[in-house]
Amino acid sequence: MSNCIFCKIVRDEIPAKIVHRDDRVTAFHDINAQAPTHILIVPNTHIRGADEISAAHAETVAAMFTVANALAESHGIAASGYRLVFNVGPHAGQSVFHLHLHLLGGRRMAWPPG
Ligand code: AMP
């Protein structure tokens, strides 16, 4: 999508601290980190959000989790633990309508979240 901020990051039209890129997904540091490690993993194709996922997206979604787990390992938070989050809609605070998986770690997190 031409005006989607994460599509622009995928296309290298706006800068981001990219930590992973392959033919399915791109991962970059969140601009407003909520934990010592806070990375967003996004599909290269535009999907509005987790509420739009169907079986047709199975390989893309599997790739997102595979990359998230590999990044947790490479960023040294695999053993201490981490949180993977999809926000969907207003009550969850979704603010960007391009599917993104939050990878958060490096500190102890409360449950349930506020
Ligand atoms: P959500 O609230 O789940 O929609 O998360 C959107 C996330 O995208 C927030 O954590 C923002 O800080 C992050 N974000 C927004 N714009 C950018 C950007 N240009 N680069 C990196 N992260 C961004």
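**View 1. The ligand takes up the largest pocket.** This is a predicted model. Around the ligand stand 16 residues. Those that come nearest are D30, N87, S95, H100 and H102.

**View 2. Polar contacts link the ligand to N87, S95 and H102.** Three ligand distances are shown here, one for each residue. In N87, a side-chain N or O atom is 2.9 Å from an oxygen atom of the ligand. In H102, the side chain again supplies the N or O atom, 2.8 Å from a ligand oxygen. S95 uses its backbone: an N or O atom there lies 2.6 Å from an oxygen atom of the ligand. On its own, the ligand has 510 Å² of accessible area, and the protein covers 85% of that.

**View 3. Helix 1 gives the most residues to the shell around the ligand.** Helix 1 spans residues 5-10 and contributes three residues to the shell. Strand 2, residues 25-29, supplies at least two. By type, the shell holds seven nonpolar residues, eight polar residues and one charged residue.

**View 4. M109 follows strand 5.** Strand 5 covers residues 101-105, and M109 lies in the segment after it. Leaving out residues up to four places away in sequence, M109 touches R83 and L104. A35 is also shown, 74 residues from M109 in sequence. In space, the two C-alpha atoms are 8.9 Å apart.

Key
Residues numbered from 1 in each chain as written. Predicted model: local features only at pLDDT ≥ 70, side-chain atom pairs only at ≥ 80, totals over all residues. Heavy atoms only, no water. Near = heavy atom within 4 Å. Polar contact = N/O pair within 3.5 Å; in protein donor to acceptor, adjacent residues only side chain to side chain. Areas by Shrake-Rupley, 256 points an atom, 1.4 Å probe, with all protein chains shown as cover. 1 Å grid on protein atoms, 1.4 Å probe; cavity = no way out; pocket = protein on both sides within 12 Å on 5 of 7 lines; lining within 4 Å. Sits in = over half its atoms within 2 Å of the grid points. Helix = DSSP H or I, 4+ residues; strand = E, 2+ residues; numbered from the N terminus. Nonpolar A, V, L, I, M, F, W, Y, C, P; charged D, E, K, R; others polar. Contact = heavy atoms within 4.5 Å.
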